[in-house]
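Welcome, and thanks for taking a look at this one. Here are a few short points to help you find your way around.

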Amino acid sequence: MKPLRVLMLSDVYFPRVNGVSTSIETFRHCLLKHAVETTVIAPRYGSEPDEDGIVRIAGRPVPRDPEDRIVSWRALRIAAQRLAPAHDLVHVQTPFLAHYAGVAAARKQGLPCVLTYHTLFEEYLQHYIPFAPGRGLRALARRISRSQCEAVDAVIVPSSAMRDRLADYGVRSPMQVLPTGIPLARFDQRDDGAFRKRHDLPLFAPLGLFVGRVAHEKNIGFLLQVTRHLMRSHPDFILLIAGEGPARESLSREAKAAGIASNVRFIGYIDREHELPQCYASADVFMFSSRTETQGLVLIEAMACGLPVVALAEMGTRDILNSNRGALTPAAEIETFAQAVASLIDNPERRRQLSVEAREYSLEWSDAAMAARLADLYRACLPAEAGAQSPIR
């Protein structure tokens with residue numbers, strides 16, 4: 001099989017931890033097994049060491065969200081134009097400066113260009129520009145999304161809900177649902193109590209876990225209210241929040257005001273390679289209430305560790321949760337959600353049953369399987385493959 005060289009561009013990447021970074025990292029390593037080599041152009045956050053296949057562009061902190069970076073447009077554009085001729089295809093991962101630099105470089109070199117639409121910005125913008133009219137922001141987000149999707153040869157979406165939303169926007173470019181896979185071996189963990197000891201968590205208290213960016217759009221305030229309700233019957237219940245983000249301080253204040261601060265623990269970012277799987281394994285229930293998620297990778301990660309999930313089945317998470325395997329999907333009501341969590345805390349046998357289901361179900365979401373599909377999609381976009389049947393639907 002002829003090797004394929006893909007230039008990826010993103011406005012975000014590790015050490016910034018989020019779903020986009022995880023997706024890029026997961027795919028680029030697995031694609032090597034399918035004769036696909038990648039070069040990633042991404043921001044420089046500090047003094048990251050040089051790494052093969054990663055080109056860093058200097059940037060400055062984003063106002064109101066200092067974890068992210070705005071890179072130099074000139075440096076980004078020059079890097080994309082310089083690197084594109086050595087590649088067969090351009091893959092844009094984010095809709096900011098990286099999108100425009102990637103599309104421009106692809107068009108100049110006559111290369112196919114694909115886009116992964118990771119984030120539903122229609123739902124996100126109102127949290128970050130609160131002073132602007134909500135209706136106008138949503139209309140603007142739809143218009144920009146439609147324009148960007150129409151500027152590329154194919155659009156990859158992580159869930160069927162995202163595909164349907166883009167179709168509602170009027171996007172007519174070919175779209176394929178292709179979730180990010182999970183490195184299952186990494187999450188094959190059992191709990192030995194070590195994680196709880198290291199983080200000063202009660203060894204035998206019921207532990208609910210949220211993993212993800214601590215941002216307003218994740219609807220974590222809902223989980224705080226669920227925790228308050230649970231404490232009536234389970235006063236030792238702990239909600240553990242693993243991650244960082246702009247909503248942490250306000251959520252901490254909210255927990256104090258609700259009188260549940262001692263039952264809510266924020267532990268910030270943890271190492272994905274070793275600490276995160278142990279974190280999942282240490283919990284009793286994974287709790288997730290985001291209503292704008294495009295996929296919900298953390299749900300599969302939790303399931304791969306055998307952790308039962310209680311989550312809202314909305315937007316992208318429906319593709320994972322609609323099987324009703326390894327998870328409970330209560331209505332978006334505090335009391336109903338709390339009852340679902342309590343039903344697992346109080347019934348160890350039911351918890352074990354869901355744990356077995358979760359592990360088995362996670363096998364269907366492996367990184368190897370998803371990378372094979374992405375490699376096929378890339379090759380279908382190449383001019384030499386124009387006569388072949390495209391996998392894009």
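1. Please keep in mind that this is a predicted model. A good place to begin is the second largest pocket, whose lining is made up of 7 nonpolar, 4 polar and 7 charged residues.

2. That second largest pocket has a volume of about 350 Å³. It is lined by 18 residues, and the closest to its centre are Ala281, Ala283, Gly306, Arg351 and Ser355. These five names are handy to highlight if you would like to locate the middle of the pocket on screen.

3. Which helix gives the largest share of the lining of the second largest pocket? It is H14, with 5 residues. H14 spans 348–362, and both this helix and H10 supply at least two residues each to the lining.

4. From the pocket, you can move on to the sheet. It is an open sheet of 6 strands with parallel pairing, in the order S11-S10-S9-S12-S13-S14. Strand S11 (264–268) and strand S14 (327–328) stand at its edges, and each has a single partner strand, so one side of each is left without a neighbour in the sheet.

5. Within this sheet, S9 (residues 207–211) and S10 (residues 238–242) run parallel and are joined by 5 bridges. For one pair to look up, take Val211, whose bridge partner in S10 is Ala242.

6. Helix H10 (residues 275–282) links the two topics: it packs on the sheet, where it touches S9, S10 and strand S12 (285–288), and it also supplies at least two residues of the pocket lining. The direction of H10 makes about 145 degrees with that of S9.

Definitions and conventions
Residues numbered from 1 in each chain as written. Predicted model: local features only at pLDDT ≥ 70, side-chain atom pairs only at ≥ 80, totals over all residues. Heavy atoms only, no water. Pairing = 2+ DSSP bridges. Helix = DSSP H or I, 4+ residues; strand = E, 2+ residues; numbered from the N terminus. Contact = heavy atoms within 4.5 Å. Axes fitted to C-alpha atoms, helices over the stretch in contact; angles between N-to-C directions. 1 Å grid on protein atoms, 1.4 Å probe; cavity = no way out; pocket = protein on both sides within 12 Å on 5 of 7 lines; lining within 4 Å. Points joined across faces, edges and corners; volume = space filled by probe spheres on them. Nonpolar A, V, L, I, M, F, W, Y, C, P; charged D, E, K, R; others polar.
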